[in-house]
Amino acid sequence: MKSHTSIAALAASLAFAASPVLAQTEINFWHAMGGALGEKVEEIATDFNEMQDEFKVVPTYKGNYTENMTAAIAAFRAGEQPHIVQVFEVGTATMMAAQGAVKPVYGVMGNADIDWDADAYLPAVKSYYTTPEGQLLSLPFNSSTPVMWYNKDMLDAAGVEEVPQTWDDMFAAAEKLKANGADCAFSFGWQSWVMLENYLAWHDEPIGTQQNGFAGLDTEFVFNESTDLTELLQRIADSQADGMFKYGGRRGDSLPLFTTGECAMWMNSSAYYAGISEQAEFEFGQAMLPVNTAVRDEAQNSIIGGATLWVLEGHDDAEYQGVAEFFNYMSTPEVQADWHQSSGYVPITTAAYELSKEQGFYDENPGTDTAIKQLSLNEPTENSRGIRFGNFVQIRDIINEELEALWAGDQTANEALDNAADRGNDLLREFQDTNS
């Protein structure tokens, strides 16, 4: 894999009409992208600002996803809300329920003086954020899906000739790695998203009733009824005694386990491409998530993570024109292809995916289209379209707590999933009572 080219050179070739306006209208954009990704967001905004003189987008890093969303809610209550706020996918139901605070993207783009094609976005990405009628509520931006990152040097040294494709392959490879002296065979991050939400979608099993929350607020969790998930989590927990699995924390906290060469395989977002490229001093690659052949021979499709851009109410029409023009710019094939190639997030439009292929990116960087292939593997079912549960930000914390008790040996996988479902259902009922 190799690094990408700067967006600046690409942006210079774009045709973009500048408007002769004396004073710039400021558009405030609160985001949760730190490090290299944050620098890229700054670059995109700078390029937009330099290509016209009517609007000035001001990106501001407000902390992680939870912190950014919390800050935006507090700002709205104080009447000081930004125009655009980045919200992770599990905040979708909460944002949809925030009537009077959110301005749907289809309305912002439809009312603006621009030529916008709502069908340009990848179906697997768009479907997560639309109304039942297919209208886009928030703009897809940094969409990703979990993949399996692997250290090719460690696999080769241990005699693992093929990257594991099934969970049985994973444990077989783990035994070889351990025999070769590896401290850890595999780990993962964002465990609710990777090992529960995506595991079940990957195997076409429901997480909750009511089409995983898409069909109504009266949904209940059923992930604890999956015997194959329960057995797999227990198998993983038990493997710690043999040094095969190591838990390294929530979100991306376990990234160093992979980049330092301690763990040979790591399941987490495709969007760690930029960070791994910077830190890894070994040959690495990404492959599809393993399949549990105890329940399916072939995978269904994975679901996205990441975040979208929501527009908040309370601003002038002229400012929303600026928001629409910025969104239109961000959706151009050149910007999206560059963002995808530099970050590891999937391109949000079909045109950006096609452009990346024309540019030879996937030929020069084998495996970097894994996320897109996973998302497009099959037509999504009710179990693999995505999830839309209220209070899911808090529910993910509950799932984290219960799984961490499993990894610590304080309870079984069956107890962890039952506890998570029971506690999560209580929060679903609170959300239903508040928003019905």
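Okay, one bit of vocabulary before we start: when I say helix or strand, I mean a DSSP run, numbered from the N terminus, with at least four residues for a helix and at least two for a strand. And please keep in mind that what we're looking at is a predicted model.

Let's get oriented with the domains. The domain assignment splits the protein chain into domain 1, which is 25-144 + 305-364, and domain 2, which is 146-302 + 390-434. If you take the C-alpha centres of domain 1 and domain 2, they sit 28 Å apart. As for how they touch, 21 residues of domain 1 make contact with 17 residues of domain 2.

Now the empty spaces, starting with the pockets. The largest pocket holds about 660 Å³ of space. It has 30 lining residues, and the ones closest to its centre are Met33, Leu37, Trp190, Tyr272 and Tyr345. So which elements supply at least two residues each to that lining? They are α2 (35-50), α13 (273-279) and β10 (305-312). Of the elements, α13 gives the most to the lining of the largest pocket, with 4 residues. If you sort the lining of the largest pocket by class, you get 14 nonpolar, 11 polar and 5 charged residues. And where is the largest pocket relative to the domains? Domain 1 and domain 2 both give residues to its lining, so the largest pocket lies between them.

On to the second largest pocket, with a volume of about 510 Å³. Here 24 residues make up the lining, and closest to the centre are Met69, Ile73, Arg77, Thr94 and Ala98. Several elements supply at least two residues each to this lining: α3 (65-77), β3 (84-88), α4 (92-97), α19 (392-407) and α20 (413-435). The largest share of the lining of the second largest pocket comes from α3, with 7 residues. By class, the lining of the second largest pocket has 15 nonpolar residues, 8 polar and 1 charged. The second largest pocket also lies between domain 1 and domain 2, because both give residues to its lining.

Let me stay with α19 for a minute, since we just met it in that lining. How does the span of α19 work out? It has 16 residues, and at 1.5 Å a residue they should span 22 Å; the end C-alpha atoms of α19 are 22 Å apart, which agrees. Next, is α19 mostly enclosed or not? Buried here means under 20% relative accessible area. On that cut-off, 12 of the 16 residues of α19 are buried, so this helix is largely enclosed by the rest of the structure. Among the buried residues of α19 are Phe392, Val393, Ile395, Leu403 and Trp407, along with Arg396, Asn400 and Glu402. What do the buried residues of α19 pack against? That would be α3, β3, β7 (184-188), α9 (191-202), α11 (227-239) and α20. Right after α19 comes Gly409, and its phi is positive, near 80°.

Okay, now the cavities. There are 3 of them in the structure at 30 Å³ or more. The largest cavity has a volume of about 70 Å³. Its lining is Ser270, Tyr273, Gln286, His340, Gly344, Tyr345, Val346, Phe361, Thr368, Ala371 and Ile372. You may remember Tyr345, one of the residues closest to the centre of the largest pocket. By class, the lining of the largest cavity has 6 nonpolar residues, 5 polar and no charged. Domain 1 and domain 2 both give residues to the lining of the largest cavity, so it lies between them.

The second largest cavity comes in at about 60 Å³. Lining it we have Trp167, Val194, Met195, Tyr199, Trp202, His203, Met267, Leu289 and Pro290. With 4 residues, α9 provides the largest share of the lining of the second largest cavity. The lining of the second largest cavity has 8 nonpolar residues, 1 polar and no charged.

One last stop, at a single residue. Ile44 lies in helix α2, and α2 is one of the elements that line the largest pocket. Is Ile44 buried or exposed? At 2% relative accessibility, Ile44 counts as buried. Ile44 and Ala416 are 372 residues apart in sequence, and their C-alpha atoms are 43 Å apart in space.

That's the tour, thanks for listening.

How values were computed:
Residues are numbered from 1 along each chain as its sequence is written. This is a predicted model: local features need pLDDT of at least 70, side-chain atom pairs count only at pLDDT 80 or more; totals for chains, interfaces and linings use all residues. Side-chain values use heavy atoms; hydrogens and water are left out. On a 1 Å grid over the protein atoms alone, a cavity is a set of points where a 1.4 Å probe fits but cannot get out, and a pocket is an open set with protein on both sides within 12 Å along at least five of seven lines; lining residues have an atom within 4 Å of a point. Grid points are joined across faces, edges and corners, and a volume is the space filled by probe spheres set on the points. Ala, Val, Leu, Ile, Met, Phe, Trp, Tyr, Cys and Pro count as nonpolar, Asp, Glu, Lys and Arg as charged, and the others, Gly among them, as polar. Domain bounds come from an automatic or database domain assignment. The expected span of a helix is 1.5 Å times one less than its number of residues. Buried means under 20% relative accessible area, exposed over 50%, partly exposed in between (1.4 Å probe, protein chains only). Contact means heavy atoms within 4.5 Å.
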